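Grab your viewer and work through three short exercises. Try each one yourself before you read the solution.

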Amino acid sequence: MAGHVIHVHTTIPAPPERVWEVITDVGHADQVLRSVHDSEVLTDGGYDVGTTWRERRTLFGHRGPEELHVVEAQAPVRTVVEAEVGDDVIRTSYRLTPTPDRQRTRLAMTTTVEMSHRSPVSRAVWAMFGGFSYDRSRKVLEHDLEDIEAEACRRAAAAG
């Protein structure tokens, strides 16, 4: 059973490669995203399927450290990450679509909470109070887009 599904998007005035660099620089997420308070890569190698890291943030009412795993990666077009938080699975997909001149990138994020392992009581509580979590989480994701845009533009300007 899916809980909330949140779609957010923006167009970033930077090429997809720069946007991809920011999204996949998970070891520095705490320096880019205001919602991430700590980030630590747990696997060796570059960003790809299987890359795992731990970060501290609040999303969908969950607070504290979460371990995230890359489950799909197609540079610089799409990536999907998952985190198991309690009985839920939070899945976030990023889709990067370049403009024809490749100087701008449409970044779409979709975050889904899968609640199939929750008890009936927990689902009922979510049905009554989950809207509060939804609104806060949507704001966090919108801030993530703003932060990704700012960093991608900074990196694009530095690259010349």
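The exercises below use a predicted model and go from its core to its cavity and then its backbone.

**Exercise 1.** Find which residues have the most contacts inside the largest nonpolar core, and trace what I148 touches.

*Solution.* Start with the core itself: it has 30 residues, and V19, L107 and I148 have the most contacts inside it. Next, see where the core residues come from. Elements giving two or more include strand 1 (2-12), helix 1 (16-24), strand 7 (105-114) and helix 3 (120-159). Now pick I148 and skip its neighbours within four places in sequence: what's left in contact is I12, V19, V22, I23, L33 and L107. As background, nonpolar side chains tend to be buried together in soluble globular proteins.

**Exercise 2.** Work out how much space lies in the largest cavity and what lines it.

*Solution.* Count first: there's 1 cavity of 30 Å³ or more. Its space comes to about 320 Å³. Then list the lining: 23 residues, with L33, W53, E55, R57 and Y94 nearest the centre. Helix 1, helix 2 and strand 3 (52-56) are among the elements that give two or more of them. Finally, sort the lining by type, and you get 16 nonpolar, 1 polar and 6 charged.

**Exercise 3.** Check the backbone at P76 and R102: where does each sit?

*Solution.* Take P76 first, in the loop between strand 4 and strand 5. The A75 to P76 peptide bond is cis, with omega near -20°. Move on to R102, in the loop between strand 6 and strand 7. R102 isn't a glycine, yet has a positive phi of about 60°. Most residues other than glycine have a negative phi, and most peptide bonds are trans. Last step: R102 has 37% relative accessibility, so it counts as partly exposed.

How values were computed:
Residues are numbered from 1 along each chain as its sequence is written. This is a predicted model: local features need pLDDT of at least 70, side-chain atom pairs count only at pLDDT 80 or more; totals for chains, interfaces and linings use all residues. Side-chain values use heavy atoms; hydrogens and water are left out. A nonpolar core is a set of buried Ala, Val, Leu, Ile, Met, Phe, Trp, Tyr and Cys residues joined through side-chain atoms within 4.5 Å. Buried means under 20% relative accessible area, exposed over 50%, partly exposed in between (1.4 Å probe, protein chains only). Helices (H or I, at least four residues) and strands (E, at least two) are DSSP runs, numbered from the N terminus. Contact means heavy atoms within 4.5 Å. On a 1 Å grid over the protein atoms alone, a cavity is a set of points where a 1.4 Å probe fits but cannot get out, and a pocket is an open set with protein on both sides within 12 Å along at least five of seven lines; lining residues have an atom within 4 Å of a point. Grid points are joined across faces, edges and corners, and a volume is the space filled by probe spheres set on the points. Ala, Val, Leu, Ile, Met, Phe, Trp, Tyr, Cys and Pro count as nonpolar, Asp, Glu, Lys and Arg as charged, and the others, Gly among them, as polar.
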